[in-house]
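Colleague: I should be grateful for a close look at a single part of this model, namely its largest nonpolar core and the strand that contributes to it. Please describe how the pieces fit together.

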Amino acid sequence: MSEEVQSEVQNFIRETVTGHPVVLFMKGTAQFPQCGFSGRAIQILKETGVTKLVTVNVLEDPEVRQGIKDYANWPTIPQLYVKGEFVGGTDIMNEMHQNGELAQLLKDSGAIE
């Protein structure tokens with residue numbers, strides 16, 4: 001990937017995560033997750049009652065798929081961002097969901113009404 005493409009991808013990612021309260025970079029879509037971890041991440045978010053969710057299907061763009069791993073220095077997808085901050089992947093989301101932290105974080109971000 002050229003430096004120019006890499007820079008464009010990083011700008012796209014930064015604008016996406018800072019421009020929306022909750023963003024999930026995932027494999028597939030919220031309606032049709034393409035892997036079990038992405039499916040679980042969507043299930044967790046639905047269970048919290050999140051209403052303002054933007055998803056990005058990394059399978060549609062290999063540069064974004066690699067770029068998001070570089071952006072957060074996190075090797076796996078899905079990746080959850082709340083108010084521009086990287087929260088984690090499915091395991092972290094699951095743990096935060098079970099102890100109530102995720103719902104509180106999403107309420108504080110304005111993503112749950």
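**The largest nonpolar core and strand β1**

Modeller: In this predicted model, the largest nonpolar core has 18 residues, and those touching the most other members are Leu-24, Leu-45, Leu-80, Met-93 and Leu-106. Two or more residues come from each of β1 (22–26), α2 (36–48), β3 (79–82), α4 (90–98) and α5 (101–109). The greatest contribution, four residues, is that of α2. Met-93 illustrates how these parts meet: beyond its neighbours within four places in sequence, Met-93 is in contact with Leu-24, Ala-41, Ile-44, Leu-45, Leu-80, Gly-88 and Leu-102. Another core, of 12 residues, lies apart from this one and includes Val-9, Val-23, Ala-72 and Ile-77.

Strand β1 deserves particular attention. Five of its five residues are buried, so β1 is largely enclosed by the rest of the structure. Val-22, Leu-24 and Met-26 point one way from the strand, whereas Val-23 and Phe-25 point the other way. On pairing, β1 runs parallel to β2 (residues 53–57), to which five bridges join it, and the bridge partner of Leu-24 in β2 is Thr-55. Together with α2, these two strands make a right-handed β-α-β unit. β1 also pairs with β3, in the antiparallel sense and over four bridges; there, Leu-24 stands opposite Leu-80.

Beyond β3, Gly-84 lies in the loop leading to β4 (85–88). Gly-84 counts as buried because its relative accessibility is 16%, under the 20% cut-off. Leaving aside neighbours within four places in sequence, Gly-84 is in contact with Val-17 and Thr-18.

Terms used
Residues numbered from 1 in each chain as written. Predicted model: local features only at pLDDT ≥ 70, side-chain atom pairs only at ≥ 80, totals over all residues. Heavy atoms only, no water. Core = buried A, V, L, I, M, F, W, Y, C linked by side-chain atoms within 4.5 Å. Buried < 20%, exposed > 50% of the residue type's maximum accessible area, 1.4 Å probe, protein only. Contact = heavy atoms within 4.5 Å. Pairing = 2+ DSSP bridges. Right-handed = clockwise from strand over helix to strand, strands pointing away.
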